[in-house]
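Work through the exercises below with the sequence and the model side by side, trying each task before reading its solution.

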Amino acid sequence: MGHTFLCVLSLFLLNTHLYGNTKEHKPRASVTADRTVIPAGDTGTLTCSVDDSEGWKYDWFRQTSWFSTPQTIRGGGRDTISISEGGIYYCRGKRGNSVYSTEKSDTVTIEKTVSNRATVTLDPNWPLIYTGETVTVRCEIQGGGRTKWTYEWKENNLLISKTQKEHRISKATLHDSGEYSCRGKMDFYSSTEWSNDVTLTVSEYKPRASVTADRTVIPTGDTGTLTCSVDDSEGWKYDWFRQTSWSSTPQTIRGGGPDAISISEGGIYYCRGRRGNSVYYTENSYSVTIKKTVSIKAVVTQQHNWPQIFRGEMINLTCEIQGGGDTEWDYEWTTNTYEKIPKYSERWVFNASGSSGGNYWCRGKDKINFYSSTAWSDPITLTVLNKPRPVLTVSPSWLSPGASVTLSCEVEHPSAGWRFYWYKTVPDLSDKYYRYYRYELLPGKDNGTEQNSSIIHGQTHTAGYVCRAGRGDSVYYTDHSGPKFVWSGDVHPSASLTVNPDRVQHFTSDSVSLSCEGNSTEWTVRRFPDGGFLSHCYHWGTMTGSTCKFSTSRSGTAVYWCESGSGEFSNSVNITVHNTDIILVSPVHPVTEGESVTVGCKLRSKNFVSSVFFYQNDKLRQNDTRQELNISAVSKSDEGFYKCQSSGKVSPQSWLTVNAVSKHESSSLPVALTIGLVCGILLIIFLLFYHFRQSKDSCFIRQMQSDSTSRDSSTNHGVNRNEKEHNEYCSLLRGESQEVTYSLIELKHIEKKCKDHKPEESPVYSDVKTETTGKSSAAATDESVYSEVKPGTAVGDKAAT
């Protein structure tokens, strides 16, 4: 029995190995498709197989949905079939006479596309949607006829649960932005192609409308245009608003209108956009102010209509409204400069600076109608220049004692309104290293002069002058001119300059000492070289006490003088330095008629070995072995240019000035009457003093200069001779121990021969004085006796002058 059980068990195991268990080891068919989507009008291929075995035939099944009953579309067929419909497909294999079937294959889903085309549209079809707006996404099937479609949607390539034709988005948000596509389905496995993507863009910000104006000022009788827009979007209509002032309530002047409107009134305008059936509004635009001009004209005027303005000068501009009637105005100004513009002021007053040059405009604004104004005025142009410095000239620069000096002040940019102020320089010696002047107005010149020249009468000493100009109500002054000097060689001023060695000409490398004398303990020496600048001894020499010592290092000519801390000026001297071997030795100061003068000649490094020639005004004056020209009693005829020559070398020439002896002014007595009177008096005097031990008849001629003498070194060093008047004085002087009576008579224009003169109808007085001898001159009593001499007839051929 045991053996029998073993045999049965062995047979069972063998059978199980050969055929397997019908539930656990039965093979399964598998199906594959060459495509899962069959385009419209095309077919697909399905293939069924059983791995690692042969001899199979195949059954094919199709379901139209997961819930429908499978339909056999082919039994015992080949392993491949061609299909043209969508559905759920699977297969199984079978073989043998007593048919053995495999397990069914897994299913494969085949979809078939139809020829209809799906399209996604946006309503409204705007490229940009703003947060809060409503938009509908719609799937349109072209040529769908009456087919009842179902719809599938993708957003950003992901299926969404929407199945309706329209996808309505209310109050869009930023999350609704994306790419949308759709397709239509006839049944579960028949559908259109997916549509192209449509982009929906939602902005997270609410838009603001913007308004522009073709003009902000509307001329009288004209109109302007305003345009409203919303950037990067479409479909807008516009609401328009106007305010008559910032505090007034806005008025709607047009609702839901076009993007542009025409206006003819001034005011504050703004707009907003609106669109959609459930209306969506933008933010209000910023406002634009429109002004309307009136026909009244504004004019800018300048208080002083000067062509140039200078830095620091006060500018006073006024806005005048011509023909404004009783209208009350506010004023507006504008400029292309950097000046701070005043608000509502009729006047604009400011100090000119370097950036003030440019154009200035104004206009008037009606105080009642805020946005009604005049047109802008024509511009007024201001040219701003640097503060001017006038140039002073003096004539003559070298004085004859008592001459008149003319000061002329020229402004660099002459224009109207200047007054000229005249000052004398007063030395300021408070600074030991830099010498300055303080300026004192000339007497009687406090308010300046309209003329740019001024004459100083009776100038006798060296002095410095400056000028400046001023204009305007709060006077604007130019800078002071540079100082100009009038030099005098007067040898008897309150302060004096002496030169050691006392000569005009010097060799280069000579040492010169200049000493100042006068009622001061503080002195400095100044010089003004030809073509140079005013300077003092500290710059080119050594000042010790009241003496300046310097070395003549370079050739040149300069004027030197002393200045004191108490304001005194000394006489001036010309000193010339020459890089020659020979110079003329002549006094640096003018000499007076009657004095003795010595003019010498000097060699640089050796003594004279030949005769010395002296020339006056290029004419030989002396030629002998003497090295000096001695003039015992100099006269005006000795005045002129001198030079010397020796051993073939000629010195530079220098001017010798001779001052005339001061005499009384001439009388205006007619010459004919005077001659008769003189002759009578002379006869009486002769009889009275016939026995006097001493008598003296004195006659001299006085030369009076009426104009200043000037020298011109550039044109042959010529000299302008003054016109001369000749006065003859005749008197008999008393003896030492006798009583004397004498008469002092002034004669004018005495001719060499007696000539006829016409009498003048005016009395002539004779001053007769008596003096008693034996008394000192201080104690002597002078008593004048006057007698009237009536005019008479004189012999001559000329009338007395």
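The exercises that follow deal with disulfides, two small sheets and one lysine.

The model is predicted, so local features need pLDDT of at least 70 and side-chain atom pairs count only at pLDDT 80 or more, while totals for chains, interfaces and linings use all residues. Residues are numbered from 1 along each chain as its sequence is written, and side-chain values use heavy atoms, with hydrogens and water left out.

**Exercise 1.** Describe the disulfide of Cys 48 and Cys 91, and state which parts of the chain the pair ties together.

Solution. A disulfide is taken here as a pair of cysteine sulfur atoms within 2.5 Å, and the structure holds eight disulfides. One of them joins Cys 48 to Cys 91, with an S to S distance of 1.8 Å. The angle about the S-S bond is 80 degrees, and the link of Cys 48 and Cys 91 is right-handed. Because Cys 48 lies in strand S3 (residues 44-49) and Cys 91 in strand S7 (residues 87-95), the pair ties together parts that are 43 residues apart in sequence. Strands are DSSP runs of E with at least two residues, numbered from the N terminus. As for burial (under 20% relative accessible area, with over 50% called exposed and the range in between partly exposed, using a 1.4 Å probe and protein chains only), Cys 48 counts as buried at 1%, and Cys 91 is buried at 0%.

**Exercise 2.** Place Cys 48 in its sheet: what is the strand order, and which residue stands opposite Cys 48?

Solution. The sheet is open, has three strands in the order S1-S3-S6, and is paired antiparallel, where two strands pair if DSSP finds at least two bridges between them. Strand S1 (30-33) and strand S6 (80-83) stand at the edges, each with a single partner strand, so one side of each is left without a neighbour in the sheet. The twist averages 25 degrees from one strand to the next, the axes being lines fitted to C-alpha atoms and the angles running from 0 to 180 degrees between N-to-C directions. Four bridges join S1 to S3, and Val 31 stands opposite Cys 48.

**Exercise 3.** Give the handedness of the disulfide of Cys 319 and Cys 362, and that of Cys 516 and Cys 562.

Solution. The sulfur atoms of Cys 319 and Cys 362 are 2.1 Å apart, and the torsion about their S-S bond is about 80 degrees, so this disulfide is right-handed. Cys 319 in strand S31 (residues 314-322) and Cys 362 in strand S34 (residues 358-366) are 43 residues apart. Cys 319 is buried at 0% relative accessible area, and Cys 362 likewise counts as buried at 0%.

Turning to the other pair, Cys 516 and Cys 562 are joined with an S to S distance of 2.1 Å; the torsion is about -85 degrees, so that disulfide is left-handed. Cys 516 in strand S48 (residues 511-517) and Cys 562 in strand S53 (residues 556-564) are 46 residues apart, and both cysteines are buried.

**Exercise 4.** Determine where Lys 445 lies and which residues it touches.

Solution. Lys 445 lies in the loop between strand S41 (436-441) and strand S42 (453-459). Lys 445 touches Tyr 421, Trp 422 and Ser 454, not counting residues up to four places away in sequence, contact meaning heavy atoms within 4.5 Å. Lys 445 is buried yet has no salt bridge, and the nearest side chain of opposite charge, Asp 446, is 9.8 Å away. A salt bridge needs a side-chain nitrogen of Lys or Arg within 4 Å of a carboxyl oxygen of Asp or Glu; Lys and Arg count as positive and Asp and Glu as negative, while His and the chain ends are not counted.
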